[in-house]
Amino acid sequence: MTTDASARAIKPELLRTYTEDFNKDRANLIAADAAVSAGVLKAATDYRGVRALPRDFSIELKQGSITNQERSGRCWMFASLNTLRYELMHRWNLEDFEFSETYLFFWDAMEKSNTYLENVLRTLDEATDSRLFEAINWGPSDDGGWWQMFAALVNKYGLVPKSAYPESENSRNSDDFKQYLNSKLREFAAELRRRSVAGASEDELRALKDEYMGTVYRICAVALGEPPEKFDFFARTKDDAEADADGKAESCKCEGKSDAKACKCDKEPKTGKDERTQIREIGITPLEFYKKYVPVDVNDFVTLANAPLKNRPFNQRYRIRFSANVAEAGDMEFINVPLDVFKKAALDQLTAGHPIWFACDCTQFALRKDGFFDQSVVRVDQLFGTEFAGDKAHGLEYGDSPSNHAMTFTGVNLGEDGKPNRWKVENSWGKDAGKDGYYVMSDAWFDRYVTELIIRKEYLDDATRALLAAEPVELDPWQPLTRRCR
């Protein structure tokens with residue numbers, strides 16, 4: 001389309017019309033007063049929508065204390081570890097437990113750095129302004145990720161409790177650490193490409209890469225501290241004795257029983273000593289700890305997507321090129337399924353008593369402080385006097401609502417018809433975000449903005465399970481569906 005400059009400009013006479021129309025509508029003036037004073041989200045909050053989403057759920061899982069990723073992009077890692085700690089806690093009867101997120105954060109930085117340099121070696125013939133190289137070079141070792149990145153790290157490095165490798169300032173607030181790590185990696189990339197042009201062989205370039213990885217290790221170890229090769233583990237199981245409402249131990253129930261020998265009340269008086277069963281491990285490795293104490297296999301989970309795009313047909317397995325963090329583990333894969341299959345898998349897994357890692361666009365129609373995900377709560381349509389009518393396909397195709405955050409489903413409420421109407425969400429933004437760290441999500445919001453679920457293979461239907469053996473369709477790293485969750 002070719003037009004002159006005056007036709008492309010905002011015309012003064014139209015501006016006068018816009019302001020006249022705005023000021024003659026009382027609703028606009030009230031909306032402006034509220035938004036300017038309180039901000040868009042507060043001004044748009046609908047109390048009727050809030051009341052329509054109570055925080056009780058017919059199916060609810062008992063989870064540990066809320067975790068906090070702080071100022072880092074580790075949501076995918078926190079959500080993954082939250083799903084596993086639930087299984088560990090209930091297997092070993094622990095009151096609470098938290099894995100070390102920093103442990104996997106260290107190895108993720110190392111592995112992403114190595115994979116970035118390997119990808120540089122794979123694309124030496126690409127121009128630096130090619131679409132592929134720009135995708136590879138965008139964030140060499142940035143924080144974000146997916147479940148399959150997590151699984152690759154656990155398979156290779158295992159897991160440790162938080163006590164064995166606690167948080168550091170650079171895991172809590174990772175920007176500075178990752179800024180300079182990425183800068184150094186791009187320097188290495190430029191030198192590898194320069195040496196290639198100068199005639200260096202593949203073996204010479206890979207030897208240089210190995211040398212560079214020594215510098216990467218030094219940066220990670222300075223920023224986070226070296227990870228443990230072995231550690232001691234200590235925990236106490238929950239007290240088996242029941243307590244009354246005042247927290248006092250139950251009185252003896254043996255009174256009046258004929259068999260006095262069967263009575264367990266004739267023991268020494270209780271002291272303040274903690275008599276709970278202890279779990280102790282001395283000098284256990286991270287891989288040993290994972291295999292012994294985590295009662296699930298991270299490889300028994302499948303990524304389901306619900307992406308209603310014409311160029312992503314349902315009931316197909318896909319693989320995203322250049323999406324791995326661990327080079328030898330392979331790229332991210334998912335199976336794209338219709339919404340009914342997607343949702344049924346989630347319901348089946350929660351009903352069976354297992355939490356679910358999921359990814360969504362957490363910014364859309366969301367109240368971060370109050371803990372709501374629902375378009376009927378955040379009425380920006382009423383505030384701005386315009387409908388927001390884009391559907392899920394539009395949001396993915398135009399990059400308006402790709403997944404950007406991972407959390408955990410720990411409950412769902414079923415209506416009289418047996419269908420879900422709201423979901424309980426465990427977040428990793430600390431207990432001061434949402435209601436004690438938890439969010440409530442309407443079922444309509446689930447349909448619109450949840451795009452990925454991590455489902456145990458046993459809760460897939462037969463048709464979906466069969467697709468695990470199908471040859472995947474390969475996608476380029478820039479094709480829209482999801483971003484690394486942060």
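How many Å should the 18 residues of helix H6 span, and how far apart are its end C-alpha atoms? At 1.5 Å a residue, H6 (residues 75–92) should span 26 Å, and its end C-alpha atoms are 25 Å apart, which agrees. The model on screen is predicted.

**Whole chain**

Start with the full protein chain in cartoon view. Its secondary structure comes to 18 helices and 14 strands. Along the principal axes, the C-alpha atoms fill a box of roughly 105 × 70 × 45 Å. Switch to a surface view: the protein chain exposes about 25200 Å², with carbon and sulfur atoms supplying 48% of it. Of the 486 residues in the protein chain, 49% are buried. Among contacts with a separation of 6 or more, 79% are accounted for by residues 24 or more positions apart.

Next, colour by charge. The protein chain carries 67 positive and 81 negative charges, and the mean positions of the two sets are 2 Å apart.

**Helix H6**

Select residues 75–92, the helix from the opening question. H6 is mostly covered, with 15 of its 18 residues buried. Step to the residue that follows H6, Asn93: its phi is positive, near 60°.

**Lys162 and Glu98**

Now turn to the salt bridges, of which the structure holds 36. Select Lys162 and Glu98, whose side chains meet in a salt bridge at 2.8 Å, N to O. This pair links distant parts of the chain, 64 residues apart. Lys162 sits in the loop between helix H9 (147–157) and helix H10 (169–172), while Glu98 is in the loop between H6 and helix H7 (101–122). Is Lys162 buried or partly exposed? Its relative accessibility is 22%, and because the buried class ends at 20%, Lys162 counts as partly exposed.

**Asp274 and Arg276**

Select Asp274 and Arg276. They form a salt bridge in which the closest N and O atoms are 2.6 Å apart. Asp274 has 29% relative accessibility and so counts as partly exposed. Arg276 is partly exposed as well, with a relative accessible area of 31%.

**Asp443 and Lys343**

Which helices hold Asp443 and Lys343? Select both residues: their side chains meet in a salt bridge (2.9 Å, N to O). Asp443 lies in helix H17 (residues 443–449) and Lys343 in helix H14 (residues 339–351). The two residues are 100 residues apart, and the pair links distant parts of the chain. Both Asp443 and Lys343 are buried.

**A network**

Select Glu118, Glu202, Arg206, Lys209 and Asp210 together and show their side chains. These residues are linked in a network of salt bridges. Side chains of opposite charge can pair when their charged atoms come close.

**Lys156**

Finish at Lys156, which lies in helix H9. Lys156 is partly exposed, since its relative accessible area is 33%. Which residues does Lys156 contact, leaving aside its neighbours within four places in sequence? Select Glu111, Leu287, Val326 and Glu328, and the contacts of Lys156 on that basis are in view. For a last distance, draw a line from the C-alpha of Lys156 to that of Asp381: they are 48 Å apart in space and 225 residues apart in sequence.

Conventions
Residues numbered from 1 in each chain as written. Predicted model: local features only at pLDDT ≥ 70, side-chain atom pairs only at ≥ 80, totals over all residues. Heavy atoms only, no water. Helix = DSSP H or I, 4+ residues; strand = E, 2+ residues; numbered from the N terminus. Expected span 1.5 Å × (residues − 1). Buried < 20%, exposed > 50% of the residue type's maximum accessible area, 1.4 Å probe, protein only. Contact = heavy atoms within 4.5 Å. Areas by Shrake-Rupley, 256 points an atom, 1.4 Å probe, with all protein chains shown as cover. Lys, Arg positive; Asp, Glu negative; His and termini not counted. Charge placed at Lys NZ, Arg CZ, Asp CG, Glu CD. Salt bridge = Lys/Arg side-chain N within 4 Å of Asp/Glu carboxyl O.
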